[in-house]
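Trainee: I've got a structure to learn and lots of terms that I only half understand. Can we go through it together?

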Amino acid sequence: MTPNLAPLLEIKNLRIRFKRYGAEPAEAVKGINLTMMPGESIAVVGESGSGKSATALALARLLPEPPALITADQMSVVGHDVLNLSERQLRRMRGRDIAYIFQEPTTSLNPVLTVRTQLAEALTLHRPDVKDQDAEIISWLCQVGIAEPEKRLRAYPHELSGGMQQRVMIAMALCCRPQLLIADEPTTALDVTIQKQIMELLAELRRSLGMSLILITHNLGIIQNVADRVLVMFRGEIVEQGPVHEILTSPKHPYTQALLACVPRMGTKQHRLRTIDYSQLESTAPRL
Ligand code: ADP
Ligand code: MG
């Protein structure tokens, strides 16, 4: 096998438990398997608490251990055997090989630093080869669709709208040219029009940069143009997976069907989310 055909992620039997006082550890992820090729884009969908974020954070050992206990038969991430790396090796890997953006840009952006300083810090740490940091930062701000980037360099996070802040976060994640970007509910805090713009931006960037993307969301309505493949998580397990059009048009698992029924459609009067009937789910769910 030639090196560039090696999987970007190869995960076998990943289990994540959380220690609890006076009780058995809670099992958040129950032995999942995942292989991802370079350049692939996958969406991980599932309701709140199904183990999506725990899985994503475990890939770069970002969960606090303890209380987390992570085990796997194999856990190879962007060429690293992450369960056996030192803290120093993990720090080098984070940001450089694998970058994250989260739901709330304000939790990741430092409120007392300008846009320029925050991006410059990322560049200094991971791309010391870059000579002209301002030119590099301006070029990334342009790529994420920020108008008047020279002016925005001097802005503090609170001077930017939520959508703008998320664009800055994306620029900060991508300026280190990671092979894998993990976007965990990147648009959940934004209103619908901005959500759509940010998803379009992610789709465009991952194509132009040839980067791999894991998009985590509870909303099946936003993944269509961004992901090639979908994994559906339910209570710590992958209950269904397949190409995005197949999952959206003919979901097999009742939980996926229920998730799809929750996607609000433009122009309809259905404003309330449908309630999922778990008792029915558990009796009919096929085990994969
Ligand atoms: P999702 O991202 O799908 O909403 P999470 O991966 O955040 O779900 O959580 C999965 C399960 O793991 C939940 O039951 C949650 O309470 C538990 N969990 C997540 N992080 C921690 C933690 N740091 N300590 C204890 N339990 C946690
Ligand atoms: Mg989450």
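Trainee: How many residues in the lining of the second largest pocket are nonpolar, polar and charged?
Mentor: The lining divides into twelve nonpolar, five polar and six charged residues. Ala, Val, Leu, Ile, Met, Phe, Trp, Tyr, Cys and Pro count as nonpolar, Asp, Glu, Lys and Arg as charged, and the others, Gly among them, as polar. Before we go on, this is a predicted model, where local features need pLDDT of at least 70 and side-chain atom pairs need 80 or more, while totals for chains, interfaces and linings use all residues. Residues are numbered from 1 along each chain as written, chains are lettered from A and ligands numbered from 1 in the order written, and side-chain values use heavy atoms, leaving out hydrogens and water.

Trainee: What makes a space a pocket and not a cavity?
Mentor: Picture a 1 Å grid over the protein atoms alone: a cavity is a set of points where a 1.4 Å probe fits but cannot get out, while a pocket is an open set with protein on both sides within 12 Å along at least five of seven lines. Lining residues have an atom within 4 Å of a point. The second largest pocket holds about 660 Å³, and a volume is the space filled by probe spheres set on the points, which are joined across faces, edges and corners. It has 23 lining residues, and those closest to its centre are Arg94, Gly95, Leu125, His126 and Met172.

Trainee: Which elements give two or more residues to that pocket's lining?
Mentor: They are helix H2 (87-93), strand E7 (98-101), helix H4 (115-126) and helix H7 (162-174). H4 gives the largest share, five residues. The names come from DSSP runs, numbered from the N terminus: helices are H or I with at least four residues, strands are E with at least two.

Trainee: And how many cavities of 30 Å³ or more are there?
Mentor: The count is one, and the largest cavity has a volume of about 100 Å³. Its lining includes Ile32, Leu34, Val44, Lys52, Ile214 and Met233. E2, H1, strand E9 (212-217) and strand E10 (229-234) each give two or more residues to it, with H1 giving the most, three. By class, this lining has ten nonpolar residues, one polar and one charged.

Trainee: Why are E1 and E2 called paired strands?
Mentor: Two strands pair if DSSP finds at least two bridges between them. Nine bridges join E1 (residues 9-20) to E2 (residues 23-36), so they pass, and they run antiparallel. Phe18 stands opposite Ala26 in E2. The two strands form a hairpin with two residues between them, and Gly22 in the turn has a positive phi of about 65°.

Trainee: Which strands does E1 join with four bridges?
Mentor: Four bridges join E1 to E5 (residues 74-77), antiparallel, with Ile11 opposite Met75. Four bridges also join E1 to E4 (residues 68-71), again antiparallel, and there Ile16 stands opposite Ile70.

Trainee: What makes the backbone atom of Gly49 a polar contact of ligand 1?
Mentor: A polar contact is a pair of N or O atoms within 3.5 Å; within protein, one must be able to donate a hydrogen and the other to accept it, and residues adjacent in sequence count only if both atoms are side-chain atoms. A backbone N or O of Gly49 lies 2.6 Å from an oxygen of ligand 1, so the pair qualifies. A polar backbone atom of Ala54 is 2.8 Å from a ligand 1 oxygen, and for Gly51 the distance is 3.1 Å. Taken alone, ligand 1 exposes 560 Å², and the protein buries 58% of that; such areas come from the Shrake-Rupley method with a 1.4 Å probe, and for residues only the protein chains shown count as cover.

Trainee: What makes Asn13 unusual in its phi?
Mentor: Most residues other than glycine have a negative phi, and most peptide bonds are trans. Asn13, in strand E1, has a positive phi near 55°. The bond from Glu65 to Pro66 is cis, with omega near -10°, and the one joining Pro66 and Pro67 is cis too, with omega about 10°. Pro66 is in the loop between H1 and E4.
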